[in-house]
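Student: I would like to learn how to read the features of a protein model, one feature at a time. Could we go through this one together?

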Amino acid sequence: MDAVSKAIVEQLQQDGRRPYAAIGKAVGLSEAAVRQRVQKLLDQGVMQIVAVTDPLTVGFHRQAMVGINVEGDIEPVAEALAALDEVEYVVVTAGSFDLLVEIVCEDDDHLLEVINKRIRALPGVRSTESFVYLKLRKQTYTWGTR
């Protein structure tokens, strides 16, 4: 990815609704050239443009990070977790846990059902440890590009 594409990504990280003309002015391209580059970045999976919500305001009152230890191959468990609607992301880690997953649920009963009936029931899951979110203090998507 060249410097201009990185600059376009950074512009969109600041405001995903920023007009292509404004981005073009900031990075020295025409509106049409920015539109083409953005489409290419989307097609290549480099970025997504999405609406990020506060889960509490749209009916999801319980979030948690779950650390998971696995027996055997981690990949099939990671794939199964990634397929769950409530799972926001799956990270393969080195350290106390083999996997970390973030879960967004409607309430405590929903969280219990996901952890107990769906995650712990997966073949290969040896143990879990849940970290329930009490308050989200910071969440950002503006880390830029390197």
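Tutor: What follows is a walk through helix packing, burial, salt bridges, a surface patch and some distances, and please keep in mind that this is a predicted model.

Student: Let us begin with the helices. At roughly what angle do the axes of helix 1 and helix 2 cross?

Tutor: To describe how two helices pass each other, one compares the directions of their axes, each taken from the N to the C end. Here helix 1 covers residues 3–14 and helix 2 covers residues 20–27, and their axes come within 10 Å and cross at roughly 130°. That angle makes helix 1 oblique to helix 2. As for handedness, the crossing in which helix 1 passes helix 2 is right-handed.

Student: Next I would like to understand burial. Is Val-34 buried or exposed?

Tutor: The general idea is a cut-off on relative accessible area, with buried meaning under 20%, exposed meaning over 50%, and partly exposed lying in between. Val-34, which lies in helix 3, has a relative accessible area of 0% and is therefore buried. Ile-115, which is part of helix 5 (residues 108–119), is also buried, because its relative accessible area is 7%.

Student: Which class does Asp-43 fall into, buried or exposed?

Tutor: Asp-43 belongs to helix 3, and because its relative accessible area is 58%, Asp-43 is exposed. Ala-51 is placed in the loop between helix 3 and strand 1 (62–70), and with 73% relative accessibility Ala-51 counts as exposed too.

Student: Now to charged side chains. How many salt bridges does a search of the whole structure find?

Tutor: For a salt bridge, one looks for a side-chain nitrogen of Lys or Arg within 4 Å of a carboxyl oxygen of Asp or Glu. The search of the whole structure finds six of them. One of these joins the side chains of Asp-2 and Arg-37, with 2.9 Å from N to O. This pair links distant parts of the chain, since Asp-2 is in the segment before helix 1 while Arg-37 is in helix 3 (residues 31–43), 35 residues apart.

Student: How accessible are those two partners, Asp-2 and Arg-37?

Tutor: Asp-2 has 37% relative accessibility and so counts as partly exposed, and Arg-37, with a relative accessible area of 25%, is partly exposed as well.

Student: Which residue does Asp-15 meet in a salt bridge?

Tutor: The side chain of Asp-15 meets that of Arg-17, with 4.0 Å from N to O. Asp-15 counts as partly exposed because its relative accessibility is 28%, whereas Arg-17 is exposed, with a relative accessible area of 75%.

Student: What partner does Glu-113 have?

Tutor: Glu-113 forms a salt bridge with Arg-118, and their closest N and O atoms are 3.6 Å apart. Salt bridges that share partners then join Glu-86, Glu-113 and Arg-118 into one network. Glu-113 is partly exposed at 32% relative accessibility, and Arg-118 is partly exposed at 26%.

Student: I have also heard of nonpolar patches. Which residues form the one on the surface here?

Tutor: In a patch of this kind, nonpolar side chains with over 30% relative accessible area are joined within 5 Å. Val-50, Val-52, Tyr-141 and Trp-143 form such a patch on the surface, and together they have about 440 Å² of accessible area. Tyr-141 is found in the segment after strand 4 (125–132), and its 39% relative accessibility is why Tyr-141 counts as partly exposed.

Student: Finally, how should I read distances along the chain and in space? How far apart are Val-34 and Asp-15?

Tutor: It helps to keep the two kinds of separation side by side. Val-34 and Asp-15 are 19 residues apart in sequence, and their C-alpha atoms are 15 Å apart in space. For Ala-51 and Glu-75, which are 24 residues apart along the chain, the C-alpha atoms are separated by 29 Å.

Student: And what are the two values for Asp-43 and Glu-88?

Tutor: Asp-43 and Glu-88 are 45 residues apart in sequence, with 21 Å from C-alpha to C-alpha. For Ile-115 and Val-9, the separation is 106 residues in sequence and 36 Å in space, again from C-alpha to C-alpha.

Methods:
Residues are numbered from 1 along each chain as its sequence is written. This is a predicted model: local features need pLDDT of at least 70, side-chain atom pairs count only at pLDDT 80 or more; totals for chains, interfaces and linings use all residues. Side-chain values use heavy atoms; hydrogens and water are left out. Patches are made of residues with over 30% relative accessible area and no salt bridge: like charges are joined within 9 Å, nonpolar side chains (Val, Leu, Ile, Met, Phe, Trp, Tyr) within 5 Å. Accessible areas come from the Shrake-Rupley method with a 1.4 Å probe; for residues, only the protein chains shown count as cover. Helices (H or I, at least four residues) and strands (E, at least two) are DSSP runs, numbered from the N terminus. Buried means under 20% relative accessible area, exposed over 50%, partly exposed in between (1.4 Å probe, protein chains only). Axes are lines fitted to C-alpha atoms, for helices over the stretch in contact, and angles run from 0 to 180 degrees between N-to-C directions. Angles under 35 degrees count as roughly parallel, over 145 as roughly antiparallel, 65 to 115 as roughly perpendicular and the rest as oblique. A crossing is left-handed if the near helix is turned anticlockwise from the far one by less than a right angle, and right-handed if clockwise.
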